[in-house]
Amino acid sequence: MSLPPNPPTPRDAAPAAPRDGVRAEGRINLFDYDRMGLRDVFAQLGEKPYRADQVMKWVYHRHVTDFEQMTDVGKALREKLSAAIQITPPNTMFEKQATDGTYKWLLGMDGGNAIETVFIPETSRGTLCVSSQVGCGLNCQFCSTATQGFNRNLSAAEIIGQVWVAAKHLGNVPHHQRRLTNVVMMGMGEPLLNFDNVVTAMSVMRDDLGFGLANKRVTLSTAGLVPMIDKLSEASDVSLAVSLHAPNDELRTELVPLNKKYPIKELLDACLRYTQRRARTTITFEYTMLKGVNDQPEHARQLVKLMRKVPSKVNLIPFNPFHGTRFERSDEDVIRAFQKILLDADVLTMVRRTRGDDIDAACGQLKGQVMDRTRRQAEFRRKLEGGVADAA
Ligand code: SAH
């Protein structure tokens, strides 16, 4: 029997390594496929599409990973499926709860790597912050993940597996007992540099047979890879957040080196195109407040001008410090004054409440554990500079 290959890994970064034993045993991991992909797998096995749908419900609605427990699937088929498919979520190395209820999982990947996933409970919603890469190669100056460098892309299974681990822990049942209402791709890594796997995982997040989240409740956050924003707009229908952090190119290039390749004007044009394809969408611009760096009234006024160009809202993130950083968090009154300038100019602006900082689970504090980063980091930079990311 020949099964379809696992979904392709993008060529712009190191490929996702299979979990130990996955392909050695010749079995594919169910978590690597969205509904259409899984139906193809079932077709290859000579089975009807509805069987794939049945299995998805067991996995995502009832958190069952053993075919033997799928009682509405006949014994012969259960055996056939077990021989071809495994259902292997990431392995939880440890979990921790912050005093404010924020929850963090450290999930072990292969070769000593680990990534972090964070759940943020609020009165009317529960948001899961999901990682897309082991480490990150973009080198944003104020981000702790950047200090670790880049190791590799996560597979689709490792991305959707983070949601599955959290959903199981929370006893989440889509459409009935909804604990997990939003997913933000704002953990470790740059999701647009792991495009195919991220799109597959986001498809399961939004599928009724998966986690059943509305499109607007799944948000992808990017540091601003312009060509990939256009590609996303063709492939998916999720909310877009853009890490802006500075209102002019000089400062932004310093803070987010990717700006050199895709400066603010090009970025905003891509954002505008994204909103035009999707009626009524707005882009959320993230702006980390760094004391004395980007938090002055002049910066706010420049930001107002930029925000006039795109249907947008602004999310001010008080900087979360980490060991060895040269930045500090802006003072509360400075953040409020900055917000007021934007609000007075009719730019919808929120200040993100810092959550989970006693367990290092706040934005930009996720570290995981990254091994063997040096060679891949250099490779990644070369490719990015050579424009491979554009072509992916
Ligand atoms: N690579 C994606 C997702 C990463 S992190 C992106 O750049 O959007 C999600 C957000 O947290 C980004 O806006 C990021 O710039 C911000 N962030 C990173 N480090 C931070 C820190 N130390 N304090 C506050 N926000 C931070």
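Q: How do the residues of the shell around the ligand divide into nonpolar, polar and charged?
A: In this predicted model, the shell comprises nine nonpolar, nine polar and two charged residues. Of the 20 residues around the ligand, Phe142, Ser221, Ser243, His245 and Asn320 come nearest.

Q: What makes the approach of Ser243 to the ligand a polar contact?
A: A polar side-chain atom of Ser243 lies 2.6 Å from an oxygen atom of the ligand. The cut-off for a pair of N or O atoms is 3.5 Å, so this pair qualifies.

Q: Which backbone atoms lie at such distances from the ligand?
A: A backbone N or O atom of Phe142 is 2.9 Å from a nitrogen atom of the ligand, and one of Thr222 is 3.4 Å from an oxygen atom of the ligand. Of the 540 Å² of accessible area that the ligand has on its own, the protein covers 97%.

Q: Which strands each supply at least two residues of the shell around the ligand?
A: They are strand E10 (218-222), strand E12 (283-289) and strand E13 (312-318).

Q: Why is the aromatic pair of Tyr60 and Phe211 called edge-to-face?
A: The search of the whole structure finds seven aromatic pairs. In the pair of Tyr60 and Phe211, the centres are 5.2 Å apart and the planes are at 75°. Centres within 6.5 Å make a pair and planes over 60 degrees apart make it edge-to-face, so both conditions are met.

Q: Why does this pair tie together parts that are apart in sequence?
A: Tyr60 belongs to helix H2 (residues 49-62), whereas Phe211 sits in the loop between helix H5 (195-206) and E10; the pair therefore links parts 151 residues apart in sequence.

Q: What is the average pLDDT of the chain, and where is the pLDDT below 50?
A: The chain averages 88, and 85% of the residues score at least 70. The pLDDT is below 50 over residues 1-24 and stays under 50 over residues 387-392.

Notes. Residues numbered from 1 in each chain as written. Predicted model: local features only at pLDDT ≥ 70, side-chain atom pairs only at ≥ 80, totals over all residues. Heavy atoms only, no water. Near = heavy atom within 4 Å. Polar contact = N/O pair within 3.5 Å; in protein donor to acceptor, adjacent residues only side chain to side chain. Areas by Shrake-Rupley, 256 points an atom, 1.4 Å probe, with all protein chains shown as cover. Helix = DSSP H or I, 4+ residues; strand = E, 2+ residues; numbered from the N terminus. Nonpolar A, V, L, I, M, F, W, Y, C, P; charged D, E, K, R; others polar. pLDDT = per-residue confidence, 0-100. Contact = heavy atoms within 4.5 Å. Phe/Tyr/Trp six-rings, centres within 6.5 Å; stacked < 30°, edge-to-face > 60°.
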